[in-house]
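Trainee: Could we go through this protein together, with the sequence and the fold side by side? I would like to practise reasoning from one feature to the next.

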Amino acid sequence: MPVIITYDIPNKHREFKEKMFEIGYKDSIPGVKNCKTIYLPNTTLYHANKTAEAARDEALSTTKSLGVNLERCISTQFGPNWASVCGEPFN
């Protein structure tokens, strides 16, 4: 089932995302209706096939490998009932 994870880390944001991208996380999802693509908030990632616990554990493992503290983190199954603002791609 899809999962969404949101997190706070003090630094190494780009390195963290790159490592998470390597294991299948994304910072955008295909849109619906009037959005071709939905760009997630800066410290939010999506994975199409993880459990909430696995996403949390991978975030912990990734921050540990980078030598940074995972200050806050919530991961949850991404269900059918959601709404969004399309957003803009990150530069």
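Mentor: Happily; what follows is a set of questions and answers about this predicted model.

Trainee: Let's begin with the covalent links. Which residue does Cys 35 join in a disulfide?

Mentor: A disulfide is a covalent bond between the sulfur atoms of two cysteines. The structure holds one disulfide. Its sulfur atoms are 1.6 Å apart, within the 2.5 Å cut-off. The partner of Cys 35 is Cys 86.

Trainee: How many residues apart in sequence are the parts that this pair ties together?

Mentor: Look at where each end sits. Cys 35 is in the loop between β2 (28-30) and β3 (37-39), while Cys 86 is in the segment after β5 (72-77). The link therefore ties together parts whose separation in sequence is 51 residues.

Trainee: And is the link of Cys 35 and Cys 86 left-handed or right-handed?

Mentor: Here the angle about the S-S bond decides. That angle is -70 degrees for Cys 35 and Cys 86. The link is left-handed.

Trainee: Is Cys 35 buried or exposed?

Mentor: Its partner Cys 86 has 23% relative accessibility and counts as partly exposed. Cys 35 has 8%, and the cut-off for buried is under 20%. So Cys 35 is buried.

Trainee: Now the backbone. Which residue has a positive phi although it is not a glycine?

Mentor: Go to the loop between β1 (3-8) and α1 (13-22), where Lys 12 is placed. This residue is partly exposed, with a relative accessible area of 38%. Its phi is about 60 degrees. The residue you want is Lys 12.

Trainee: On to the aromatics. Is the pair of Tyr 7 and Phe 16 stacked, edge-to-face or tilted?

Mentor: The structure holds three aromatic pairs. In this one, the ring centres of Tyr 7 and Phe 16 are 4.6 Å apart, and their planes meet at 50 degrees. Stacked needs under 30 degrees and edge-to-face over 60, so the pair of Tyr 7 and Phe 16 is tilted.

Trainee: What about Tyr 46 and Phe 78: which kind of aromatic pair do they form?

Mentor: Tyr 46 is in strand β4 (residues 44-47) and Phe 78 in the segment after β5, so this pair ties together parts 32 residues apart in sequence. Both Tyr 46 and Phe 78 are buried. Their centres are 5.8 Å apart with 80 degrees between the planes, which makes the pair edge-to-face.

Trainee: Which residues do ring pairs link into a cluster?

Mentor: Start from the pair you just met, Tyr 46 and Phe 78. Ring pairs link these two with a tryptophan. The cluster is Tyr 46, Phe 78 and Trp 82.

Trainee: Is Pro 41 buried or exposed?

Mentor: Pro 41 is placed in the loop between β3 and β4. Its relative accessibility is 52%, and exposed means over 50%. So Pro 41 counts as exposed.

Trainee: Last, the largest pocket. Which element gives the most to its lining?

Mentor: The largest pocket has a volume of about 220 Å³. Its lining residues include His 13, Arg 14, Lys 17, Asp 27 and Phe 90. By character, the lining divides into three nonpolar, four polar and four charged residues. With five residues, the element that gives the most is α1.

Notes
Residues numbered from 1 in each chain as written. Predicted model: local features only at pLDDT ≥ 70, side-chain atom pairs only at ≥ 80, totals over all residues. Heavy atoms only, no water. Helix = DSSP H or I, 4+ residues; strand = E, 2+ residues; numbered from the N terminus. Buried < 20%, exposed > 50% of the residue type's maximum accessible area, 1.4 Å probe, protein only. Phe/Tyr/Trp six-rings, centres within 6.5 Å; stacked < 30°, edge-to-face > 60°. 1 Å grid on protein atoms, 1.4 Å probe; cavity = no way out; pocket = protein on both sides within 12 Å on 5 of 7 lines; lining within 4 Å. Points joined across faces, edges and corners; volume = space filled by probe spheres on them. Nonpolar A, V, L, I, M, F, W, Y, C, P; charged D, E, K, R; others polar.
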